[in-house]
Amino acid sequence: MNTTSKLLMATVLLLSGSVLWAQNPFRDAGAKVRGDAYWPSKAVGRGVQHARNYAQDFQTYVAKNEKPEPSVVNDIKAQLGRYLEDSRKHLATMKKDFAEDKETLAEIKKIEDELATAITANQAMIACCEHEKFDKVATMSCCTDLVKQLDKIHATHQSLMHRLTSKK
């Protein structure tokens, strides 16, 4: 077999493996249930983590500046809102997918409730920033509350994912 034939054969094998993977991204029948290849659960975790990082960066920004620039507040309002809303949507998908698993549904409900609290904390933080008489201490408190709530969501979500991935 010459080099060109070997290269062609390798390419065909590589592409056929890619097609098979694209058809079934789960490594085995339980991968989705366990969460190790389940997009919505990964998207929730990623959204919460991005929101937490954004909120923490904003907290640092507020601490180092006299008053946040309106453009920065608008950016925070849009980005944090998007991360939180995306997480909420992915949780709704998870509820549908795990409709038969009462234990998982209870944990998803807990995350949804915690996320609702985070959304309220985010709105309070934005309101502090947009208030006519900016209060740095109150805004820092709102930032801290939001970061703590996002940490709580992250921990609950990690616990759920750990439980799902340990299912065999």
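Reader: Is Q149 buried or exposed?

Author: Q149 counts as buried, because its relative accessibility is 11%, and buried means under 20%. Please keep in mind that this is a predicted model.

Reader: Where does Q149 sit, and which residues does Q149 touch?

Author: Q149 belongs to helix α6, which covers residues 136-166. Leaving aside residues up to four places away in sequence, Q149 touches E114, T117 and A118.

Reader: Let me step back to the whole chain. How many helices and strands are there?

Author: The protein chain has 6 helices and 0 strands. Along the sequence, the pattern reads α-α-α-α-α-α.

Reader: And what share of the residues is buried?

Author: The chain has 168 residues, and 34% of these count as buried. As for the surface, the accessible area comes to about 10100 Å², with 58% of that belonging to carbon and sulfur atoms.

Reader: What part of the contacts comes from residues 24 or more positions apart?

Author: Among contacts with a separation of 6 or more, such pairs account for 74%.

Reader: Changing topic: how many salt bridges does the structure hold?

Author: There are 8 salt bridges in the structure. As background, side chains of opposite charge can pair when their charged atoms come close. One of the salt bridges joins R163 and E107, with 2.5 Å between the closest N and O atoms.

Reader: Which helices hold R163 and E107?

Author: R163 lies in helix α6 and E107 in helix α5, so this pair ties together parts that are 56 residues apart in sequence.

Reader: Are those two residues buried or exposed?

Author: R163 counts as buried because its relative accessibility is 16%. E107 is buried as well, with a relative accessible area of 16%. In addition, E103, E107 and R163 are joined into one network by salt bridges that share partners.

Reader: Which residue does K77 meet in a salt bridge?

Author: The side chain of K77 meets that of E130, at 3.4 Å from N to O. This pair links distant parts of the chain: K77 is in helix α4 (residues 70-97) and E130 is in helix α5 (residues 102-130), 53 residues apart.

Reader: How accessible are K77 and E130?

Author: K77 is partly exposed, with a relative accessible area of 41%. E130 is partly exposed too, at 44%.

Reader: What about K95, which residue is the partner there?

Author: K95 forms a salt bridge with E112, again through their side chains, at 3.4 Å from N to O. K95 lies in helix α4 and E112 in helix α5, so the pair ties together parts that are 17 residues apart in sequence. K95 itself is partly exposed, with a relative accessible area of 36%.

Reader: One more topic, the cysteines. How many disulfides are there?

Author: The count comes to 0 disulfides. For C142, the nearest cysteine sulfur is that of C128, 3.2 Å away.

Reader: Why is C142 not in a disulfide with C128?

Author: The two sulfur atoms are 3.2 Å apart, whereas a disulfide is counted for cysteine sulfur atoms within 2.5 Å, so this pair does not qualify. In general, a disulfide is a covalent bond between the sulfur atoms of two cysteines.

Reader: And how far from C143 is the nearest cysteine sulfur?

Author: That sulfur belongs to C129 and is 6.1 Å away, and C143 is in no disulfide.

Reader: Are C142 and C143 buried or exposed?

Author: C142 is buried, with a relative accessible area of 13%. C143 counts as buried too, because its relative accessibility is 0%.

Terms used:
Residues numbered from 1 in each chain as written. Predicted model: local features only at pLDDT ≥ 70, side-chain atom pairs only at ≥ 80, totals over all residues. Heavy atoms only, no water. Helix = DSSP H or I, 4+ residues; strand = E, 2+ residues; numbered from the N terminus. Buried < 20%, exposed > 50% of the residue type's maximum accessible area, 1.4 Å probe, protein only. Contact = heavy atoms within 4.5 Å. Salt bridge = Lys/Arg side-chain N within 4 Å of Asp/Glu carboxyl O. Areas by Shrake-Rupley, 256 points an atom, 1.4 Å probe, with all protein chains shown as cover.
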